[in-house]
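Hi,

Here is the structure I promised to send over. Have a look at it first, and then read on for my notes.

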Amino acid sequence: MKIVAINGSPRGKNSNSNVMVSAFLTGAQEAGAETVNIFLAEKDIKYCRGCYSCWIKTPGKCSIDDDMLGVLSMLAGANVIVLATPVYFNNISGTLKVFMDRLAVTGNPLSKKDAKKENNAPSAPQATTKLMIMSNCGSSNKSQFEVVSNWIKKVTSLMRTDLIGEIYAAQGKNLSSSSEELRPAVNKYLQVLENAGKEVAVDLKLSKETEKLLEQGFI
Ligand SMILES: Cc1cc2nc3c(=O)[nH]c(=O)nc-3n(C[C@H](O)[C@H](O)[C@H](O)COP(=O)(O)O)c2cc1C
């Protein structure tokens, strides 16, 4: 079992997103999974120029030379990809969106129609690669995740795969808080995230009980 997390917070390792992802991956590792934690903030990934070179002129090869190819190679063989993002203006972060747009190189519809065309595209996440989303926001209002939830469902459908978990934490700053008062509730939540990682590593899904506890947040 290989689980790859892609952290789309510009705050990288210091992000609340990373507190969530790290707990989840710790659980997955304990259950025997190989895990990879990628911080987009540490990568040079430029925005897609929409030139379609990767589909038409040089199929499978993006015209931009940056870290994208390296990140794609780290996704190879993943059974689960966890996309993590803070809520920015009710949406995913720009950092994650720039990365997602660059996946165009993996989804050339022309390569399927014309098998003779040379196509060295890095392989797209396969139908066997399940997706998960993890997000946190500043507000205490869970409606902040509506766009993110809608977006990940569309992405999953475009990639013809399954969404096996949506984990949303309101008041995300609590995750990194040093408040003694908050610590017990946060630790309890992180323990649930670890269990979630174990469940996904073993069963490729979350139990109803874990989903319920995650839904409750920090209490
Ligand atoms: C540019 C920007 C936009 C934001 N927009 C929202 C928002 O629409 N709703 C919200 O609840 N929090 C919003 N926040 C707060 C972040 O979601 C919050 O600080 C989160 O904990 C950051 O997570 P991270 O540490 O993983 O990056 C915004 C923060 C920034 C910097």
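Below is what I found, going from one helix to the core and then to a single strand residue.

Keep in mind that this is a predicted model.

Let's start with helix H6, which runs over residues 183–203. With 21 residues at 1.5 Å each, H6 should span 30 Å, and its end C-alpha atoms are indeed 30 Å apart, so the two agree. A good part of H6 to look at is its buried set: Tyr189, Val192, Leu193, Glu194, Asn195, Ala196, Gly197, Glu199, Val200 and Ala201. And what covers those residues? Strands S1 (2–7), S3 (80–86) and S5 (163–169) are included, along with helices H1 (16–30) and H7 (208–216). Just past the end of H6, Leu204 has a positive phi of about 55°.

Next, the largest nonpolar core, which has 45 residues. Those touching the most other members are Ile3, Ile6, Met20, Phe24, Ile81 and Val82. H1 gives this core its largest share, seven residues. If you click on Met20, leaving out residues up to four places away in sequence, you'll find that it touches Ala84, Met134, Asn136, Ile167, Ala169, Leu175 and Leu193.

Finally, Met132, which sits in strand S4 (residues 130–136). Is Met132 buried or exposed? It counts as buried, because it has 23 C-beta neighbours inside 10 Å and the cut-off is 20 or more. Beyond its neighbours within four places in sequence, Met132 contacts Val80, Val82, Ile164 and Gly165. Met132 and Ala5 are 127 residues apart in sequence, yet their C-alpha atoms are 9.1 Å apart in space.

Cheers

Terms used: Residues numbered from 1 in each chain as written. Predicted model: local features only at pLDDT ≥ 70, side-chain atom pairs only at ≥ 80, totals over all residues. Helix = DSSP H or I, 4+ residues; strand = E, 2+ residues; numbered from the N terminus. Expected span 1.5 Å × (residues − 1). Buried ≥ 20, exposed ≤ 12 C-beta atoms within 10 Å, placed from the backbone. Contact = placed C-beta atoms within 7 Å. Core = buried A, V, L, I, M, F, W, Y, C linked by C-beta atoms within 7 Å.
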